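Here is a short tour of one protein model. Keep the sequence and the 3D view open side by side while you read.

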Amino acid sequence: MESREKWIDRWYRKSQSQDTKNSVQSFLKTWDKFLIQAKINEKDLNKDNIFTVLQDYINWGQDRGNSATTIRQYFMFLKDWLWFNGVKIYDEDVKHELAFPKKVEGEKAPMTREIINTLVEKTKSKKSLYLVLASSGMRIGETLQLRMKDVRIDESPARVIIPPPITKAKRGRTTFISSEAVESLRDFRRWGKESKNFIFWSGEDFQKARANQIHYFRELLLKCGLLEKSWNNYNNTLSLHSFRSFFITRVARHDENYSKKWAGQKGYLLQYDRMPIEEQAEIYRKIEPDLTISSNLVNNILK
């Protein structure tokens with residue numbers, strides 16, 4: 001088999017994502033465990049036994065408790081790994097030869113204004129982060145990688161220019177944050193000469209910084225009595241991603257396309273929608289009361 005390092009590097013260069021690289025490495029570990037337990041030599045795989053082995057790998061992952069999503073993702077990596085080494089598997093063959101577990105999901109709990117208010121009242125250190133997440137639609141990874149220079153805090157509404165390298169799709173975009181988030185940011189950070197500094201982390205270890213934020217949020221949910229489990233008692237129903245869901249849900253009530261545009265999702269003909277920033281800002285101003293958490297500030301905005 002070809003060099004695994006070369007294959008991992010190819011995935012990383014294609015995705016420009018450390019998360020993808022980590023997932024590829026995680027897949028290889030599970031694949032090695034399967035081969036050892038099944039007493040299979042990877043070099044012996046061929047067109048006569050490949051689908052039997054692939055189905056056994058799928059079943060093995062399911063028996064270990066892997067989710068249907070994880071099994072599908074690992075299979076995608078496995079298919080590419082085998083193709084990389086000359087064992088070609090076609091989609092039509094996969095469709096007819098293999099059986100995958102169905103994805104089963106419980107209903108997601110909605111993030112509400114009341115819940116966000118409870119969370120920000122319990123933590124001063126994360127208040128700015130949570131208000132930015134709730135009013136911008138950004139992913140946690142994007143938000144953590146923002147630098148002060150990316151936020152035009154003196155504009156109204158404050159504009160966020162998200163650089164292409166830090167987005168999931170590697171496409172730069174613009175969004176906005178609420179006046180409430182701006183006020184909190186001014187208290188949280190001094191806006192001045194150090195414009196290249198990251199706003200929400202030190203810049204030393206991004207993966208660790210994000211993991212710490214996820215862990216802190218879980219502990220905060222527990223502290224607030226909001227740590228609920230989904231139907232299978234496995235996944236938390238609320239997560240940092242719930243702030244993004246809050247934003248998309250609220251904005252979609254006014255304009256579904258802009259809920260996707262600002263959040264960096266695909267939408268109908270969005271690639272042709274190039275409304276000037278001034279007009280986008282005007283739309284955001286009309287929506288801002290729905291993205292503001294403090295009831296007092298909502299009333300002030302509406303006056």
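The report below covers a small sheet, a helix pair, two buried residues and some backbone details.

## The sheet

This is a predicted model. Start with its open sheet of three strands, ordered β1-β2-β3. The pairing is antiparallel. β1 (151-152) and β3 are the edge strands, since each of them pairs on one side only.

Look at the β1 and β2 pair. Two bridges join these strands in the antiparallel sense. Together they form a hairpin, with five residues between the strands. At this pairing, R152 stands opposite R159 in β2.

Now move across to the other side of β2. Strand β2 spans residues 158-162, and five bridges join it to β3. These two strands also run antiparallel. R159 faces F176 in β3. I162 stands opposite R173 in β3. R159 therefore has a partner on each side: R152 and F176.

How much of β2 is covered? Most of the strand: four of its five residues are buried. A general point helps when viewing any such strand. In a regular strand, side chains alternate between the two faces of the sheet.

## T175 and F247

Two residues link the sheet to a helix. T175 sits in strand β3, residues 173-177. F247 sits in helix α11, residues 241-252. T175 and F247 are in contact with each other.

Is T175 buried or exposed? T175 is buried, because its relative accessibility is 0%, and the cut-off for buried is under 20%. Leaving aside neighbours within four places in sequence, its contacts include A158, R159, V160 and I162. Those four residues fall within the range of β2. Other contacts of T175 are S136, M138, F247 and W262. With S136 there is a polar approach as well. The backbone oxygen of S136 lies 2.9 Å from a polar atom of the T175 side chain.

F247 is buried too, because its relative accessibility is also 0%. Which residues does F247 touch, not counting those up to four places away in sequence? The list begins with A134, S135, S136 and G137. It goes on with T175, S259, W262 and A263. Y284 and L291 complete it. S136 and W262 appear among the contacts of F247, and among those of T175.

F247 can also be placed by its backbone. Its C-alpha atom is 8.9 Å from that of D290, and the two residues are 43 apart along the chain.

## The α3 and α4 pair

Turn to two helices. α3 and helix α4 (residues 68-84) pack with their axes 10 Å apart. The angle between them is about 150°. That angle makes α3 roughly antiparallel to α4, because it is over 145 degrees. Their crossing is right-handed.

Which residues make the contact? From α3 come I50, L54, Y57, I58, G61 and Q62. From α4 come I71, Y74, F75, L78 and L82.

N59 belongs to α3, which covers residues 50-63. The C-alpha atoms of N59 and I71 are 9.2 Å apart, with the two residues twelve places apart along the chain. N59 counts as partly exposed, because its relative accessibility is 30%.

## Backbone details in the loops

One peptide bond calls for a look. S156 and P157 are joined by a cis peptide bond, with omega about 0°. P157 lies in the loop between β1 and β2.

Two lysines have positive phi values. Both are, of course, residues other than glycine. The table sets them side by side.

| Residue | Phi | Loop | Relative accessibility |
|---|---|---|---|
| K39 | near 55° | between α2 (18-38) and α3 | 77%, exposed |
| K170 | near 60° | between β2 and β3 | 31%, partly exposed |

Why do the two lysines fall into separate classes? K39 counts as exposed because its 77% is over the 50% cut-off. K170, at 31%, counts as partly exposed, because that value lies between the 20% and 50% limits.

Terms used
Residues are numbered from 1 along each chain as its sequence is written. This is a predicted model: local features need pLDDT of at least 70, side-chain atom pairs count only at pLDDT 80 or more; totals for chains, interfaces and linings use all residues. Side-chain values use heavy atoms; hydrogens and water are left out. Buried means under 20% relative accessible area, exposed over 50%, partly exposed in between (1.4 Å probe, protein chains only). Contact means heavy atoms within 4.5 Å. A polar contact is a pair of N or O atoms within 3.5 Å; within protein, one must be able to donate a hydrogen and the other to accept it, and residues adjacent in sequence count only if both atoms are side-chain atoms. Two strands pair if DSSP finds at least two bridges between them. Axes are lines fitted to C-alpha atoms, for helices over the stretch in contact, and angles run from 0 to 180 degrees between N-to-C directions. Angles under 35 degrees count as roughly parallel, over 145 as roughly antiparallel, 65 to 115 as roughly perpendicular and the rest as oblique. A crossing is left-handed if the near helix is turned anticlockwise from the far one by less than a right angle, and right-handed if clockwise.
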